[in-house]
Amino acid sequence: MSYLIHIIIMINIYTILCSATNLLVGIAGMFSLGQAAFYGMGAYFVAVVLVKFNLNLFQIIPLVILFVGLIGFIIGSIIIRLEGDFFVLSTLGFQLIVYTILYNWYPVTNGSYGISSINLREVISNIKLQDIIGIRIIGCIFSFNLFVLIYKTYKIKIENIPFYNNSKIKYFIIFVKNLLVLLMSIMVIWYLVYIFTNDLFNNLFIYFTLSSILSLSTIMIISKLIHSPYGRVLKAMRDDPISCTSLGKNITFLKISVFTISASMMSIAGLILASYISYIDPTIFNLDESIYILSVLIIGGSGNIKGPIVGAIFMVLFPELLRLIGLPDSIAANLRMISYGVLLILTMNYFPQGIAGEFKFRG
Amino acid sequence: MLDKKMVFLQILINNLILCSVYSLMSLGFSLYYYTTGVFNLAYATIFMISPYFLLLFFSIFSIPLYISIILSLILTILIALSIEYLIYLPLMRKKASLNISMISSIGVMIILVNLVILIFGNESKIIDTRISESNELGGLIFSDRQLIQLITSILIIIIYHIIIKYTQIGLRIRAINFDYYLSQIFGLNSFKYQIYVVIISSVLAFSASILIAIDVGMDPYVGMPVFLFAVVAMIIGGNGNFYSPIIGSLILSLLQSLVTWKFSSNWQDAVTFPVLLLFLVLRPNGIFYSKLRGV
């Protein structure tokens, strides 16, 4: 069971990462190769601050959002005037600067050795939630939200899914959907039973709750943003910046603000990762991670809310499927990367909107 | 003890020799980028993969060095051409945006790097060419390999200059570079010349990569840093003429030697990219600026 929960925590982390990247790449149309830099900065900020000072969860979340958001604002206001390839290149440059700093600034980041023993558990016990009832109440609210989500999954119209006309695929999709609903409800009920029967200082469950709440709230914020006038202007800017300017929209403000919002959301994923794995080193946040996040987003699809979620679920479950086949570990990692590459090329060639997205990388 | 001035001169000499090799890469990438407009990240993998062919032929099959260099050159060009034919030309015929080509090139990069890791392994490898004498000139030390690097890269730059300046292919590539639409009006087959550009740029990447591999060896992750150096040098140099990447890499290597002298070599990348950001923001067209396509 802990294996399953580990997978769900990873899915939550990648959902936050991909949704935040989607806001920048899919909604605002600013292709960035520097997303892992913000992810890493969030993780390192949390690690350094947690190891040095004794802060609790409610203090650290606003702090990390403010810190990374500020850096995102500064960087964004510098590089926002560039377009096309040069914008991509400057984000890539930023990524490498951050990586080099994380790798070489020994006094603060401990260089290539990384920072270990980051423990959010103490942080959680610092807030007066040791009171088991508090955690149970939060767990109840959370599982109620999950039930709403399951109900919405159950109500999804199959007609919207591609290849609907093929009857075999249709029944397969219906089967998969029902299976998913069943599994999710069993898990939520199990979770409810668990929090009422056991003592709750099992790390995994705290991180499960924390990461799920954070990722759900990130998705909710992004969905509010996308469907607000602000989000529609962003889409207009993506599709045609010049006519958007001619309608009197402030492009510079839009670009800087969306860059900042995306950066601060990436940092939350960093917070979860740093406290969950409790060890970070710079190689987690290198250029490959940026490329990986982008490819998850592109394969899942960008431009709407469900694309990044589908991408995150697919890309976290896919290697586990490969593991089920039983490949030796030395080959499996590389074969996995090769299959990502092939998927990326096929996606770009044949369905540029991804599995569930709506924005095609054209123009 | 060595005084500080000599240390700096030694660092400068080493960096300049390395920069002469990197400038080949930079020339190749700028030729490709300004002709096709595709930000081809797979160019880093062409650089990465070519010494492995040499390793295969020279060290494993033990074919004589010169023949194996020619064989691996042919294989490298074939790889570059097949990437072009399988991925970029179909996308270009579809009139896909340049972002799509770039994402596909990321895909190509992932595939090739992991294939190399699967076949040759993760660790760094060395080609033993038995050239290891070191010379001394006025207190400065440089090895025979560095001499080979310097001379070969200067020779290749001269050959490149002759091809671009005096042959008909070079003339037409320059025409496409200068004004794409006008060259289309005059009936130049841009797909055909794109193939020539791919061949020339992969030869440049191959030679740079072999020159580095005989000195410090190779590993599957070596492509990206060198590629980024090349790109930054290209942007610093600007698109004014075909040789501005050389000037760009000279400036960059000067800066890097200063940083190595003052702090340590770990911070080289950290100075490269602020310089890039500075140039992109203040002078995005580089030092030598003339208005060309794709800017």
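This text walks through the salt bridges, a nonpolar surface patch and one buried asparagine of a predicted model.

Start with the charged pairs. Side chains of opposite charge can pair when their charged atoms come close. Over all chains, the count is three salt bridges.

One of them sits in chain A. Arg238(A) and Asp239(A) join their side chains in a salt bridge, with 3.1 Å from N to O. The two partners fall into separate exposure classes. Arg238(A) has 19% relative accessibility and counts as buried, because buried means under 20%. Asp239(A) has a relative accessible area of 54% and is exposed, because exposed means over 50%.

Now turn to chain B. Glu123(B) and Lys125(B) form a salt bridge, and their closest N and O atoms are 3.2 Å apart. Glu123(B) counts as partly exposed, at 46% relative accessibility.

Another salt bridge in chain B pairs Arg145(B) with Asp215(B), at 3.8 Å from N to O. This pair links distant parts of the chain, 70 residues apart. Arg145(B) belongs to helix H5 (residues 144-166) of chain B, and Asp215(B) to helix H8 (residues 190-216) of chain B. Arg145(B) is partly exposed, at 22% relative accessibility. Asp215(B) is partly exposed as well, with a relative accessible area of 25%.

Next comes the nonpolar patch on the surface. Chain A contributes Ile325(A), Leu327(A), Ile331(A) and Leu335(A). Chain B contributes Leu115(B), Leu118(B) and Ile119(B). Together these residues have about 570 Å² of accessible area. Helix H15 (329-350) of chain A and helix H4 (98-120) of chain B each supply at least two residues of the patch. H4(B) gives the most, with three residues.

Leu327(A) is worth a stop. Its place is the loop between helix H14 (306-325) and H15 of chain A. Leu327(A) counts as partly exposed, at 31% relative accessibility. That value lets Leu327(A) into the patch, because patch residues need over 30% relative accessible area.

Finish at Asn40(B). This residue lies in the loop between helix H1 (4-36) and helix H2 (42-60) of chain B. Is Asn40(B) buried or exposed? Asn40(B) is buried, with a relative accessible area of 7%. What does the side chain of Asn40(B) make a polar contact with? The partner is the side chain of Tyr88(B), at 2.7 Å. Tyr88(B) also appears among the contacts of Asn40(B) when neighbours within four places in sequence are left aside. Phe29(B), Tyr32(B), Ser105(B) and Phe227(B) complete that set.

Conventions: Residues numbered from 1 in each chain as written. Chains lettered and ligands numbered in written order. Predicted model: local features only at pLDDT ≥ 70, side-chain atom pairs only at ≥ 80, totals over all residues. Heavy atoms only, no water. Salt bridge = Lys/Arg side-chain N within 4 Å of Asp/Glu carboxyl O. Buried < 20%, exposed > 50% of the residue type's maximum accessible area, 1.4 Å probe, protein only. Helix = DSSP H or I, 4+ residues; strand = E, 2+ residues; numbered from the N terminus. Patch = residues over 30% accessible without salt bridge, like charges linked within 9 Å, V, L, I, M, F, W, Y side chains within 5 Å. Areas by Shrake-Rupley, 256 points an atom, 1.4 Å probe, with all protein chains shown as cover. Polar contact = N/O pair within 3.5 Å; in protein donor to acceptor, adjacent residues only side chain to side chain. Contact = heavy atoms within 4.5 Å.
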